[in-house]
Amino acid sequence: MALEYPLILTASGRVAGYYHSAYRNIPWLRELAPGPLMSIHPKTAASLGIKEGDWAWIETNMGRIKQQ
């Protein structure tokens, strides 16, 4: 599986103000963070052709999501 999914996903970080998927309907919080955000090391992103602000698929053997 490491060959198919060579990166390690950690899901412990969060945007202040949100708790899991709660509070996303509050307009002023949506202004602070309007979309789903991912964090990736700049060197890793560059090696994958991902630039600041790009949308990318995050995929595991369980499924996939698209984040910015």
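Which residues does Gln67 touch, not counting residues up to four places away in sequence? Let's work towards that together, remembering that this is a predicted model.

**Exercise 1. Describe the surroundings of Gln67.**

Step 1: Locate the residue. Gln67 has its place in strand β2.

Step 2: Find its partner on the other strand. Gln67 is the bridge partner of Ala56.

Step 3: List the contacts. Leaving out residues up to four places away in sequence, Gln67 touches Pro36, Leu37, Met38, Asp54, Trp55, Ala56 and Ile58.

Step 4: Decide whether Gln67 is buried or exposed. The relative accessible area of Gln67 is 16%, and buried means under 20%, so Gln67 counts as buried.

**Exercise 2. Lay out the secondary structure of the protein chain.**

Step 1: Count the elements. The protein chain has two helices and two strands.

Step 2: Put them in order. Reading along the sequence gives the pattern α-α-β-β. Helix α1 covers 27–32, and helix α2 covers residues 42–47. Strand β1 spans residues 56–60, while strand β2 spans residues 63–67.

Step 3: See how the strands go together. β1 and β2 run antiparallel and are joined by five bridges. One of the bridge pairs is Ile58 with Ile65 in β2.

Step 4: Look at the link. A hairpin of two residues leads from β1 to β2.

**Exercise 3. Find the charged side chains that pair up, and look at the rings.**

Step 1: Recall the idea. Side chains of opposite charge can pair when their charged atoms come close.

Step 2: Search the whole structure. The search finds one salt bridge.

Step 3: Name the partners. Lys51 and Asp54 form a salt bridge, and their closest N and O atoms are 3.7 Å apart. The cut-off is 4 Å, so this pair of side chains qualifies as a salt bridge.

Step 4: Check how open each partner is. Lys51 has a relative accessible area of 57%, and the limit for exposed is over 50%, so Lys51 is exposed. Asp54 comes to 24%, so Asp54 is partly exposed.

Step 5: Turn to the rings. Arg64 lies over the face of Trp57, at 3.7 Å from the ring centre. The count of aromatic pairs, on the other hand, is zero.

**Exercise 4. Compare separation in sequence with distance in space.**

Step 1: Take Thr44, which lies in helix α2. Thr44 is partly exposed, with a relative accessible area of 26%. Thr44 is 37 residues from Leu7 in sequence, and their C-alpha atoms are 9.3 Å apart in space.

Step 2: Take Ala11, which is found in the segment before α1. Ala11 counts as exposed because its relative accessibility is 74%. Ala11 and Ser39 are 28 residues apart in sequence, with 9.9 Å from C-alpha to C-alpha.

Step 3: Widen the view to contacts. Of the contacts in the protein chain with a separation of 6 or more, 33% are between residues 24 or more positions apart.

**Exercise 5. Summarise how much of the protein chain is covered and how much is open.**

Step 1: Start with the covered part. The protein chain has 68 residues, and 15% of them are buried. Gln67 is one of the buried residues.

Step 2: Move to the surface. The protein chain exposes about 6000 Å².

Step 3: Ask which atoms supply it. Carbon and sulfur atoms account for 58% of that exposed area.

Terms used: Residues numbered from 1 in each chain as written. Predicted model: local features only at pLDDT ≥ 70, side-chain atom pairs only at ≥ 80, totals over all residues. Heavy atoms only, no water. Pairing = 2+ DSSP bridges. Helix = DSSP H or I, 4+ residues; strand = E, 2+ residues; numbered from the N terminus. Buried < 20%, exposed > 50% of the residue type's maximum accessible area, 1.4 Å probe, protein only. Contact = heavy atoms within 4.5 Å. Phe/Tyr/Trp six-rings, centres within 6.5 Å; stacked < 30°, edge-to-face > 60°. Lys NZ or Arg CZ within 6 Å of the ring centre and 35° of its normal. Areas by Shrake-Rupley, 256 points an atom, 1.4 Å probe, with all protein chains shown as cover.
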